[in-house]
Amino acid sequence: MKEDNCLHAALICLGMLYYSHAITTEKLNHARPSLHGHHEKGKEGQVLHRSKRGWVWNQFFVIEEYTGPDPVLVGRLHSDIDSGDGNIKYILSGEGAGIIFVIDDKSGNIHATKTLDREERAQYTLTAQAVDRNTNRPLEPPSEFIVKVQDINDNPPEFLHENYHANVPERSNVGTSVIQVTASDADDPTYGNSAKLVYSILEGQPYFSVEAQTGIIRTALPNMDREAKEEYHVVIQAKDMGGHMGGLSGTTKVTITLTDVNDNPPKFPQSVYQMSVSEAAVPGEEVGRVKAKDPDIGENGLVAYSIIDGDGMDMFEITTDYETQEGVVKLKKVLDFETKKSYSLKVEAANVHIDPKFISNGPFKDTVTVKITVEDADEPPVFLKPSYIFEVQENAASGTVVGKVHAKDPDAANSAIRYSIDRHTDLERYFTINADDGNIKTIKALDREEIAWHNISVFAVEVHKQHQEAKVPVAIKVVDVNDNAPKFAAAYEAFVCENARSNQQFITISADDKDDSANGPRFIFSLPPEIIHNPNFTLRDNRDNTASVLVRREGFSRQKQDLYLLPIVISDGGLPPMSSTNTLTIRVCGCDSNGSLLSCNAEAYILNAGLSTGALIAILACIVILLVIVVLFVTLKRQKKEPLIVFEEEDVRENIITYDDEGGGEEDTEAFDIATLQNPDGINGFIPRKDIKPEYQYMPRPGLRPAPNSVDVDDFINTRIQEADNDPTAPPYDSIQIYGYEGRGSVAGSLSSLESATTDSDLDYDYLQNWGPRFKKLADLYGSKDTFDDDS
């Protein structure tokens with residue numbers, strides 16, 4: 001403080017000296033004109049008057065921060081016309097006039113009444129004028145002058161920021177630029193050394209230095225290590241007056257951080273890691289972790305792990321957890337304690353990013369040994385194969401061995417194993433398994449055509465540890481046996497024209513076989529030996545599993561025979577081969593000249609295409625006559641008041657009606673009417689059997705007398721039962737009446753086929769072909785014989 005007061009007093013003295021010198025100079029420089037005007041003659045004799053300034057102003061100076069007891073004399077104004085009698089009055093106007101600067105109106109002396117600060121305002125512009133004191137008339141034009149504030153060193157240097165932050169890589173060379181700090185001084189840089197600054201370092205040595213003129217901070221020590229010390233605090237000073245004694249100064253703080261470079265390799269903290277894993281662990285499960293330490297940070301500290309050697313390279317793998325920078329050892333394959341109990345790995349940790357500048361510090365990697373012990377675990381049984389495939393022939397006898405599965409306990413205890421079939425996979429129970437040895441057998445016969453493959457599952461369970469079980473799929477193929485004969489591929493029904501030509505093909509047939517292709521095609525088509533020389537049709541095997549049926553002769557007649565049944569033998573290619581006889585139905589049809597089908601109905605030749613008007617009238621007349629006869633008959637009966645059928649009071653009507661066969665209409669009702677039992681036809685004549693053709697006459701047995709007209713119903717029935725029981729040709733009917741006979745009025749006769757083989761009949765059953773599908777079976781039975789006779 002004492003030093004500052006002395007400096008301030010010295011500055012005031014220097015200012016006073018400078019002020020005295022300025023005043024002297026001003027007085028010497030004042031122009032004092034001898035005349036108020038200057039006369040000059042013109043070319044035409046005129047006298048020109050040129051006004052001349054009354055004074056010449058120089059710049060006035062005043063020292064800033066003057067704190068003396070009296071106002072500071074700035075300067076003095078004086079006009080040439082001022083004779084000193086006090087008639088001239090000086091007036092001052094402009095910036096700070098009357099407030100900062102005041103003038104003595106008689107003498108013209110100007111004083112500063114306040115302390116001035118150059119940093120606040122460096123100069124003032126004022127206007128001075130001399131006027132007549134009495135009249136205030138201007139005696140001189142107004143004139144401007146400047147008052148400059150003279151600077152003194154009253155402002156210390158100031159930095160742009162109070163605190164600076166900078167970074168510099170660690171291990172930088174000496175002299176590496178870190179940051180530049182800048183300070184400013186409010187004093188006048190053009191006057192003296194008040195604003196001349198010099199920088200110096202107060203704190204931070206010997207690590208950093210600063211350039212005195214520029215303020216650039218540089219490193220001062222080599223190989224500064226971030227891992228040893230990361231942050232430094234530096235204090236920089238800026239001093240004016242060129243750094244000489246008496247100058248003012250200012251300081252700032254600079255925080256310098258060393259940034260990381262990859263100058264440290266990773267290092268494992270130990271040479272061996274011990275780990276253990278259960279043999280029951282699944283692939284991908286974590287075994288353990290290793291970590292190599294790297295003091296570097298960021299990408300310079302990134303470490304990648306790898307297995308470079310060891311007997312467990314195929315069983316284990318290692319990955320890098322970049323969040324924790326650890327190496328994660330994982331299981332790669334399934335372990336077996338009984339096979340190998342320990343493994344050894346050599347793991348390497350290496351930096352991901354390497355700085356070429358520090359490659360000489362390498363190598364940037366390290367290795368460690370990892371020993372892994374396998375722990376024994378209670379394992380379930382293991383089948384020798386992941387799956388089994390067996391074969392067995394269809395229709396094989398029950399108990400046939402299909403195959404054998406085998407499992408073992410992988411543990412050292414080697415427990416006994418029991419086997420069983422998962423019944424959810426064998427719901428029909430086709431197979432069984434021996435619980436002790438794993439032999440699979442059939443329980444019942446297999447049919448390949450029903451199920452070609454059986455997919456079952458077999459369990460293996462440890463005897464003493466029921467929770468330890470294994471499961472294996474077993475596929476059983478049913479091998480085909482030629483046990484199915486070929487048949488027609490469809491229900492063929494052929495048509496042949498009446499005008500068919502000889503050797504004309506009219507249908508192609510094919511066959512199907514349920515057996516496998518090895519026992520099925522190729523199919524062989526042929527006619528039975530007994531009709532090999534059929535006069536109507538012939539067969540040609542196309543040798544492509546089809547056959548063609550051809551006409552052997554020309555000319556067919558629907559009136560004579562409109563239906564033929566042709567038996568065809570089909571054999572397969574199995575070993576041994578199988579064959580079947582299939583019947584081809586061939587209908588004779590009418591065709592046009594081009595062979596187009598017209599009609600296959602035999603009645604077309606019998607019935608006229610239409611009825612004439614006369615025929616219709618005749619039919620209507622017959623109907624009317626029949627109606628009249630019926631009416632008359634009913635009228636006569638009503639007049640007699642007698643029933644149509646006389647019954648005794650004890651007669652009981654019992655109608656037992658069954659519909660096993662098509663009945664004969666009203667005659668069937670009569671058949672169950674007790675009154676029919678009293679029919680006189682049964683007394684002396686023949687009572688026809690209902691189950692044989694009407695042409696076959698049954699002769700009464702000797703010794704049996706006919707019943708009288710008034711025979712008792714019970715005796716009559718017993719007689720008929722005795723006749724039936726003693727008749728060797730009658731089937732064992734259990735009922736009194738059956739519908740074996742359609743009726744007396746039916747042209748078809750008996751519908752029963754029981755006596756068809758032993759009865760010779762001249763009846764022609766071809767009309768059954770036109771009765772529709774309900775009579776197709778009868779047509780085949782009765783028509784086959786005729787057809788066979790014709791074919792042969």
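This passage walks through a predicted model, starting with its confidence and moving on to a sheet, the disulfides and two single residues.

Taken over the whole chain, the mean pLDDT comes out at 77, with 75% of the residues at 70 or more. Some stretches fare worse. Residues 666-673 stay under 50 throughout, although the model still gives them 19 contacts beyond four places in sequence. Residues 785-792 also sit below 50, and that stretch has 16 contacts beyond near neighbours in sequence. Where pLDDT is low, the predicted coordinates are not something to read in detail.

Next comes the sheet. Four strands make up an open sheet in the order E27-E34-E33-E30, and the pairing is mixed. The edges belong to E27 (388-393) and E30 (417-421); each has a single partner strand, so one side of each has no neighbour in the sheet. Going from one strand to the next, the twist averages 30 degrees. E30 runs antiparallel to E33 (residues 453-462), and five bridges hold the two together. One pairing to look for is Ser420, whose bridge partner in E33 is Phe459.

Then there are the cysteines. Searching the whole structure turns up two disulfides. In one, Cys497 and Cys591 have their sulfur atoms 2.0 Å apart. The torsion about this S-S bond is about -80 degrees, so the disulfide is left-handed. Cys497 belongs to strand E36 (residues 493-497) and Cys591 to strand E42 (residues 579-591), so the bond ties together parts 94 residues apart in sequence. Cys497 is buried, at 16% relative accessible area, and Cys591 is buried too, at 14%.

The other disulfide joins Cys589 and Cys600, with 1.7 Å between the sulfur atoms. Here the torsion is about 100 degrees, so this disulfide is right-handed. Cys589 sits in strand E42, while Cys600 is found in the loop between strand E43 (597-599) and helix H2 (613-640), eleven residues away. Both of these cysteines are buried. With the bonded cysteines numbered in sequence order, the pairing reads 1-3, 2-4. Cys622, by contrast, is partly exposed, because its relative accessibility is 45%, between the 20% and 50% cut-offs.

Finally, a look at Ser177, which lies in strand E12 (residues 177-180). With a relative accessible area of 43%, Ser177 is partly exposed. Leaving aside residues up to four places away in sequence, Ser177 touches Ile216, Ile217 and Arg218. Ser177 and Arg218 are 41 residues apart along the chain, yet their C-alpha atoms are 4.5 Å apart in space.

Notes: Residues are numbered from 1 along each chain as its sequence is written. This is a predicted model: local features need pLDDT of at least 70, side-chain atom pairs count only at pLDDT 80 or more; totals for chains, interfaces and linings use all residues. Side-chain values use heavy atoms; hydrogens and water are left out. Buried means under 20% relative accessible area, exposed over 50%, partly exposed in between (1.4 Å probe, protein chains only). Contact means heavy atoms within 4.5 Å. pLDDT is the predictor's confidence in each residue, from 0 to 100. Two strands pair if DSSP finds at least two bridges between them. Axes are lines fitted to C-alpha atoms, for helices over the stretch in contact, and angles run from 0 to 180 degrees between N-to-C directions. A disulfide is a pair of cysteine sulfur atoms within 2.5 Å.
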